[in-house]
Amino acid sequence: MDSTLKDSGLNFGELTMHIVLATMPQEQEQEFNDSIVKEFYGNYRKSSSKYLADVNKGDYWKANAESEVDVLYNPLRYYILGNYDIAYISMIDNFKFAQRVFEPQLSSNESSAPPLFSPHTFQSFTGLTLHSGADLRNFFNEKLTDNKRYFLSITNLKLNNGFLIGNGNLFLNNVVEQIHKIVDKVNKEIGDKRKPAEILLMQSFSWFELSLSIFADDPADIALILKNLRRLAVQDLSDRRPIVQNSYFKTVFTDEYVYEEIIKANVFADTHTYFGVHADLVEEAEELEFVKDFYEKNIQLKTEIEWQVKPGHMSMLVNCLKEYSEGIFDYTEHFILAGKSDYYIHKANPSFNDNIKLFRLIFAHRNELYKHVRKIRTKIKFSEVDIAEKTDTDRKILDFQSKLVTNGVKISAFSELDKKLKSLKISRQIRSKILKIFSNYNNGIQDIILFPFFLDFKIFIDHLTEMINASSKQLSRRFEENSVFSPELDVEALETNLMHLIMIFQEGYNIRMLNGYQFEDINDFDLDFNSSIQQLLSVYSTIAIEFGNLFYKKPYTYGPIVQLNLKDTVSNYSSINYYIHHLTSPEFVFSTLTKEILNLLYIDDTGLRDVYDDYHNKIKVFDIESKVLQDFIENDLFSIEYFINDAIRFIVTYDMDFELFHYWFWTYNLQNAGLYDKIGTLNEDHFKKELFRVLFLNQFFGFDSKLITCPLPELYTFWDRHFIKTKQAVKEFNDFFQNEAILKNGILDYLLTKFDTSLSVLFEDTKFTNRNISRAAEFLKKFVSTKGSKSPANLLDNVGKRIAAYELLDAGDSSNLIPTDSLLHIQWFMLSKLREIAALNNSKTILLRRDWFTGKPMRSFAMGGDMSHIYAVDQTGGLFFDSTESMNKYFKLTAYTLSHIWDFSLKRKKKFMTYSNLS
């Protein structure tokens, strides 16, 4: 096997890595370790085996049939020298596992189980591993058995945003290529001295793009790799010319720097390295060959050990160390430190054997040490680096931060907003929070490392500013004209709106800021997630902003902040909330994103408000015969707003494919925990409401009602009770629209106009001109028109272009006429993924059956069910797999999809930034 696992790019495997950095509870280190390995990882493997029908075929958990060790969910363990105590690197096959709370639990039959673990923290991350599944299995099998490596470094690499924005995967893949070359070069220098360094590489969902794990037998090898990585410049990349040409740097430095200067810029904006030693060196007997060989090598590495000592305990600590660690420390040289640590005691010599002995001392005599010490922190000092070597001292430094100022709130505007809030008599507390929003946003948007995540807030900040300015103008006008008090100037109402925006910002800001490079060692205490997801949130925010341009009048005026909701997706004009597992199941975002964007379209669209008003006026005088329909109308169970929303989504997202719409309509609803009763059954009122929605859409557009079928056997009772009556009620309601020609034509005209406008925007970024007019004419016949309805003049032509473009993309050849960063391409891509998942499930919604008493999945469902689907939806949220084959297939598909939309997002951010700076 190639030692550096070179398989990279977009050919993602069916497995990935999960990395956890944790502190350990003092005086319970061994119990903590045992619990994590046996319970957190081991029990997950055991419980999964109960529900995966084909798990025993070929020993799924192992590297191969001959292997004796489980490699999935069996972590490599390294003790960390620094702010964390231990690192767990595991191989997983499901992103859902990464969001589990990293909390140890001992089995009830363990007599040594403590009633409570002492304080401990963790930080975890996952992403897309750039290696094949077979290579990963073999790698973990070796490292868990006969090819253990002494040292590990986990280096988190933040790519230079100036090149990342505008390039996406092109830049990333070039960097990955160079990382492998650097490792190969270092290994050639190592030669026969010792075993070559090995790496694992992962594209992260956290604030950094790449995480590089280096396994080596000498710290010098790690130091040499890191030194070369930090010096890597764009001029070293294979595709440097197109990378510079596409980059945001090229856009903002057009007149200031030439190509030859830009390519000298560094590839990485930030690196952060955690260094560790193999757990066996600390835990196993010193007579063990692996440990004995390590001691014999007497590896040299300079370290500084800092002690956070309880006040007044320093002399007792020194006495304790002298008793148990003879020869490790030089007590003639110790220092009092400023900061969190109190003392530094100099090591007698740089042999790393002494560090291992200290680790062993901590475990063997932990009760004595922790009587005097709260925390021990070791700093690594790699071999000296020649800073003058290969350094271009004449190169110009690209002043990127100065270019980010244009996106901030200027000091003058900040002061003016403060004055206006005071004049509006906004409470001091709320005013302070609003000003803090602007302050935090300014800090984030000017941060050259994190600013891409804070671009998500740009439109939000503009809207907040506009709200304050508009309210101030209304107040001024009222005083100038001596007008009567207006409800719009109600301070309480304004404060309510401001508090709503404060909560949105605070939630979105915290998620994006936590575990950033400024707070690298803060644990994951946020209640919404257990593994960092900043990259995914920013990706979906960008897509929402870009798709908003299809429907809102002015470009980049709709900018919701995508964030997390513990139970369901709820959207408003300023935010879109998604369930945590939706982020790694992008088809659920694709199926609903248009709906979330359209929920408050009426704010921006007077034509839509006219349609609403017309409907509400006419429905008041509608003589309803059906009691079912009367119940729906009187109790607001039908919403014209929802229908318009569904209709646009049906046309734009689903290409008027009713069977596809029907599948995702029920699949999404059935995994929505908010629609279920406490006993675990779908709420009957919700069922009636959703059935009416889908039936009316079906009849309004003239589709055969036979396309609507009961989605689940469990719903047959509801279906039998309500389907016929609801269908008749919908027919009466649809007849009302047919008879009210002006109303129906108004709705059709609005839908066609909105569709035509979105198509015009869709083609702005392409050179595509082909058309399929015959299929376009057939497509538009699906609109059940009445006399007097008018289609926009260019609609047939635009629909024909989209059909021809989709045909070309379906065939796999866009001939560079439809760039992958165009709205047309991403809309087709989302539709193709919705179709692909539906096809893999045979267009049938499969619901996980859970035991009513225990809430656990029913084993009979997994082992005896129809295996022709790829997954079942879970009523508690998320997905359930009953075979390893389907789980692995889905994982590979999801990895490719996430990589594609990440690439799209970074390319579109360049357009957004360019537009924002010009506006």
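Q: Is Tyr556 buried or exposed?
A: In this predicted model, local features need pLDDT of at least 70 and side-chain atom pairs pLDDT 80 or more, while totals for chains, interfaces and linings use all residues. Residues are numbered from 1 along each chain as its sequence is written, and side-chain values use heavy atoms, without hydrogens or water. A residue counts as buried under 20% relative accessible area, exposed over 50% and partly exposed in between (1.4 Å probe, protein chains only). With a relative accessible area of 8%, Tyr556 is therefore buried.

Q: Where along the chain does Tyr556 sit, and what is its phi?
A: Helices (H or I, at least four residues) and strands (E, at least two) are DSSP runs, numbered from the N terminus. Tyr556 falls in the loop between helix 21 and strand 13 (561-564). Although Tyr556 is not a glycine, its phi is positive, at about 55 degrees.

Q: What sign does the phi of Ser843 have, and where is Ser843 placed?
A: Ser843 is a residue other than glycine, yet its phi is near 55 degrees, a positive value. As for its place, Ser843 belongs to the loop between helix 32 (823-840) and helix 33 (859-864).

Q: Which accessibility class does Ser843 fall into?
A: The relative accessibility of Ser843 is 48%. That value makes Ser843 partly exposed.

Q: How far is Arg477 from Val318 in space?
A: Let's place Arg477 before giving its distance: it is part of helix 19, and its relative accessible area of 42% makes it partly exposed. In sequence, Arg477 and Val318 are 159 residues apart. In space, C-alpha to C-alpha, they are separated by 74 Å.

Q: How many residues of strand 1 (residues 16-22) are buried?
A: On one side of strand 1, Thr16, His18, Val20 and Ala22 are all buried. On the other side, Met17, Ile19 and Leu21 are buried too, leaving both faces covered. Strand 1 is largely enclosed by the rest of the structure because its buried residues number seven of the seven.

Q: Which residue of strand 3 stands opposite Met17?
A: Two strands pair if DSSP finds at least two bridges between them. Strand 1 and strand 3 (residues 86-92) are antiparallel partners, with seven bridges. Opposite Met17, strand 3 places Met91.

Q: Which residue of strand 4 faces Ala22?
A: Strand 1 also pairs with strand 4 (residues 122-129) in the antiparallel sense, this time over five bridges. The residue of strand 4 opposite Ala22 is Phe122.

Q: Which residues of helix 1 are buried between Glu29 and Ile36, those two included?
A: Helix 1 has buried residues further along as well, including Glu39, Phe40, Tyr41 and Gly42. In the stretch asked about, the buried ones are Glu29, Phe32, Asn33, Ser35 and Ile36.

Q: Which helix gives the most residues to the lining of the largest pocket?
A: On a 1 Å grid over the protein atoms alone, a pocket is an open set of points with protein on both sides within 12 Å along at least five of seven lines, a cavity is a set where a 1.4 Å probe fits but cannot get out, and lining residues have an atom within 4 Å of a point. The largest pocket holds about 1200 Å³, and among its 46 lining residues, Ile459, Asp462, His463, Leu464 and Glu466 come closest to the centre. Two or more lining residues come from each of helix 16 (411-423), helix 19 (458-481), helix 20 (491-513) and helix 34 (884-918). With 14 residues, the top contributor is helix 19.

Q: What is the volume of the largest cavity?
A: A volume is the space filled by probe spheres set on the points, which are joined across faces, edges and corners. The structure holds 10 cavities of 30 Å³ or more. The largest cavity comes out at about 150 Å³.

Q: Which helix gives the most to the lining of the largest cavity?
A: The largest cavity is lined by 14 residues, and Asn94, Lys96, Ser585, Phe881 and Tyr890 are the closest to its centre. Helix 2 (95-98) and helix 34 are the elements that give two or more residues to this lining. The most, four residues, come from helix 34.

Q: And which helix gives the most to the lining of the second largest cavity?
A: This cavity has a volume of about 90 Å³, and nearest its centre, of 14 lining residues, lie Pro452, Phe453, Gln535, Leu906 and Lys909. At least two lining residues each are supplied by helix 4 (161-164), helix 18 (451-454), helix 21 (534-551) and helix 34. With four residues, the one that gives the most is helix 34.
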